[in-house]
Amino acid sequence: MMSLAQIVAAQGSIVAGSDRSLDQGRSGAKFERIAAQGIGLFAQDGSGIVSADQIVVASAAIEATVPDIVRATELGCARMTRAELLAELFNAAPIGIAVGGTSGKSTVTGMIGWILDQVGRDPTIMNGAIMKNYGTGARVGRGDVFVSEVDESDGSIALYRPTVAVLNNVAVDHKSLEDLRALFSGFLARADKSVVNADNAEAASLATPTLTFGLASLSDLRAIDLVERPDGVEFRVGDTHVALALPGRHNASNALAALGAAAMVGVPVSAAAAALSTFSGLNRRMEVVGTANTITVIDDFGHNPDKIAATLSALHVFPGRLLVFFQPHGYGPLKQMGRELAYAFRANLDEGDRLIVNDPAYFGGTVDRSIGSEALVEAIGDQAEHIASREACGERLLSLARPHDRIVVMGARDDTLSDFAAGLLAALPSA
């Protein structure tokens, strides 16, 4: 929502908004940044809805009983969902590159946008995460290309008509595989061109793509001679050398997706690879917060099985025990994919690693909270323990930490996780 507000404001509209996090006193710096851009901020009590001429845009998390929506209904304000507004802007662009998939879409979106920026295409970029190269989740350009990640969790991916559709992967997350297959196959069918991950069997089975990419499969863009480093990964695509300042094989795959999308709009692989060498990544994607007394704290967005597996796999390439804190990103997602989450942790925790699971993120609403983190810990086994209080989780992690360990804070939908990670680092002994 924040990135979308920034784009609409930059295009000349008067924009204001409300957020539960603002009312709850969380994530203050984020709101200070958008207020500095002229975006008005109101409590979510209906006070910002004052005229029938306003268009009220709400995310899928906002219920009909929220005072802003009640007031909008009383005044007869026009209503749009977040996805409807984004799709309207996206579909109006001469060239639209849409990035879909269960995992990696924010990183791929950022990579594509950075490539197009660096080669002079002046794109508009809509990202659900903060891109470090820009310090924001949005970039408003004057060029003919609009790059956006698109969301399958609420079915809104069906609204987009992309010139180029990028499909990273398909795996259980918010919806069943059957639902995901229908959504993603429709996504590819509506595109003029498609770029698909041949390493992901579900994605590869959905359609005949214009271009494929992969690390292991025979594909149009294939990474060879891959070398992983603690601070990056490098490989070759044909005669082109690609060096990323982002670690992990999953980021090599993300880079291939971005190279493929750029190629679909006329950017040579060599020029795209050169641009990627200066791509800084996204906030909370295996982000090193700092190191104290040889113990490193890492902040990560991992919240679904694929993301968790990718992060843990990348970290295990190098020595050091992992002490993982995980906050499920909601009771609904935990109920939907608890079995797959448990398997992801069991399969990717090494002997000696420990997992501390907090209660799920919950910021209000009527979601069923009958299944909590206790069930996940029971399914994982002895390496995991459930601690309801985040403060107590922090104390437990600090008590377990010893030299050369890596503390990994995992979870989504909660910006205060970064504050938690920073607090852990500050609490570590310096010597």
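1. Two strands are taken to pair if DSSP finds at least two bridges between them. On that basis, in this predicted model, strand 14, which covers residues 232-237, pairs with strand 15 in the antiparallel sense, and the pairing runs over five bridges. Within this part of the structure, Phe-235 stands opposite Val-242, a residue of strand 15.

2. The wider setting of that pair is an open sheet of three strands, ordered 13-14-15 and paired in the antiparallel sense. Its edges are formed by strand 13, at 224-229, and strand 15, at 240-244, each of which pairs on one side only. From one strand to the next, the twist averages 10 degrees.

3. Asp-299 deserves a separate comment, and it is found in strand 17, which spans residues 295-300. Is Asp-299 buried or exposed? Asp-299 counts as buried because its relative accessibility is 3%, and the cut-off for that class is under 20%. The side chain of Asp-299 makes a polar contact, at 2.6 Å, with the side chain of Ser-418. When neighbours within four places in sequence are left aside, the residues in contact with Asp-299 include Arg-284, Arg-285, Met-286, Glu-287 and Val-289, and also Val-409, Leu-417, Ser-418 and Ala-421.

4. On internal space, a search of the whole structure finds one cavity of 30 Å³ or more, and the space in the largest cavity comes to about 30 Å³. Its lining consists of His-303, Phe-326, Pro-328, His-329, Gly-330, Pro-333, Leu-334, Met-337 and Leu-341. Which element supplies the largest share of this lining? That share, four residues, comes from helix 12, which covers residues 331-348.

5. Two backbone angles may be worth checking by eye. Most residues other than glycine have a negative phi. Asn-293, although it is not a glycine, has a positive phi of about 55 degrees. Asn-293 is placed in the loop between strand 16, at 287-292, and strand 17, and it counts as partly exposed because its relative accessibility is 29%.

6. The second case is His-404, whose phi is near 75 degrees, again a positive value in a residue other than glycine. His-404 lies in the loop that runs between helix 14, at 390-400, and strand 21, at 406-411. With a relative accessibility of 53%, His-404 counts as exposed, since that class begins over 50%.

Definitions and conventions. Residues numbered from 1 in each chain as written. Predicted model: local features only at pLDDT ≥ 70, side-chain atom pairs only at ≥ 80, totals over all residues. Heavy atoms only, no water. Helix = DSSP H or I, 4+ residues; strand = E, 2+ residues; numbered from the N terminus. Axes fitted to C-alpha atoms, helices over the stretch in contact; angles between N-to-C directions. Buried < 20%, exposed > 50% of the residue type's maximum accessible area, 1.4 Å probe, protein only. Polar contact = N/O pair within 3.5 Å; in protein donor to acceptor, adjacent residues only side chain to side chain. Contact = heavy atoms within 4.5 Å. 1 Å grid on protein atoms, 1.4 Å probe; cavity = no way out; pocket = protein on both sides within 12 Å on 5 of 7 lines; lining within 4 Å. Points joined across faces, edges and corners; volume = space filled by probe spheres on them.
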